[in-house]
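Colleague: I would be grateful for a close look at one part of this model, followed by an account of how that part sits within the whole.

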Amino acid sequence: MAATDGAGLPLAISIASASPHEVKLIEEALDQSLIDELPDRLIGDKAYDSDRLDERLWLERGVKLIAPHRRGRRTATQDGRELRRYRRRWQVERLFAWFHFSRRLVIRYERKAINFLGFLHIACSLILLRQF
């Protein structure tokens with residue numbers, strides 16, 4: 001799980017097994033944020049289309065979640081203006097492309113998750129240093 005800013009720089013990063021759904025992992029990723037303040041808005045893909053998640057993030061953290069609706073949803077909760085921001089999702093994908101410059105992250109050699117997370121933090125710091 002990763003959260004980026006408008007330029008694609010990492011804000012929050014976490015790792016988990018592949019079995020839990022992303023809706024359950026987003027709050028853990030925000031807890032492990034690299035900065036003190038959370039952004040006002042989060043843009044997620046269709047997997048984050050959950051009314052309970054929207055409400056929980058807004059009430060507990062003051063973060064508005066923008067995600068396109070899944071096909072077949074009966075009640076629309078967002079208008080097209082907010083979804084225009086979804087067009088910038090490529091910046092998140094660019095962060096994952098920057099992670100692919102680190103061979104150690106592409107081919108996970110580490111057996112322990114804490115070691116992999118450490119290398120992930122090193123890659124984040126190298127990306128941040130390269131930008132400034």
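What covers the buried residues of α6?

Modeller: The cover of the buried residues of α6 includes β2 (10-13), α4 and α5 (103-106). Before the detail, some conventions are needed. This is a predicted model, in which local features require a pLDDT of at least 70 and side-chain atom pairs count only at pLDDT 80 or more, while totals for chains, interfaces and linings use all residues. Residues are numbered from 1 along each chain as its sequence is written, and side-chain values use heavy atoms, with hydrogens and water left out.

The protein contains 6 helices and 4 strands, in the order β-β-α-β-α-β-α-α-α-α from the N terminus. These elements are DSSP runs numbered from the N terminus: helices are H or I runs of at least four residues, and strands are E runs of at least two. Of the 132 residues, 34% are buried; buried stands for under 20% relative accessible area, exposed for over 50% and partly exposed for the range in between, with a 1.4 Å probe and protein chains only. The accessible surface of the protein comes to about 9,000 Å², and carbon and sulfur atoms account for 52% of that surface; such areas come from the Shrake-Rupley method with a 1.4 Å probe, and for residues only the protein chains shown count as cover. Contacts are heavy atoms within 4.5 Å, and of those between residues at least 6 apart in sequence, 46% join residues at least 24 apart.

Turning to the helix itself, α6 has 19 residues and spans 27 Å from its first C-alpha to its last, close to the expected 27 Å; the expected span is 1.5 Å times one less than the number of residues. Its buried residues are F116, L117, L120, A123, C124 and I127. Seen down the axis of α6, they fall within an arc of 115° and therefore line one face of the helix, the arc being that of the directions from the helix axis to the C-beta atoms. A general point applies here: an α-helix has 3.6 residues a turn, so residues three or four places apart point the same way. The face turned away from the buried side of α6 carries the exposed residues I114, L126 and L129.

The buried face of α6 is best read together with the largest nonpolar core, whose 12 residues are L9, I13, L95, W98, F99, L105, F116, L117, L120, A123, C124 and I127. A nonpolar core is a set of buried Ala, Val, Leu, Ile, Met, Phe, Trp, Tyr and Cys residues joined through side-chain atoms within 4.5 Å. Two or more residues of this core come from each of α4 (90-99) and α6 (113-131), and α6 gives the largest share, 6 residues. Apart from this core lies another, of 10 residues, including I26, L30, L57 and V63.

Helix α4 belongs to the cover of α6, and the reverse also holds: the buried residues of α4 are covered by elements that include β1, β2, α5 and α6. Those buried residues are Q91, V92, L95, W98 and F99. They fall within an arc of 110° as seen down the axis of α4, so they too line one face of their helix. Within α4, F99 shows the link to α6 residue by residue: leaving out residues up to four places away in sequence, F99 touches I13, L105, V106, L120, A123, C124 and I127.

Strand β2, also part of the cover of α6, runs antiparallel to β1 (residues 2-4), to which 3 bridges join it; two strands pair if DSSP finds at least two bridges between them. T4 has P10 in β2 as its bridge partner. The hairpin of these strands has 5 residues between them, and G8 takes a positive phi near 85° there. Within β2 is L11, which counts as buried because its relative accessible area is 12%. Residues up to four places away aside, L11 touches A3, T4, D5, S33, L34, I35 and P39. After β2, the loop leading to α1 (22-31) contains S14, which is buried at 4% relative accessibility. Beyond its neighbours within four places in sequence, S14 is in contact with M1, A29 and Q32.
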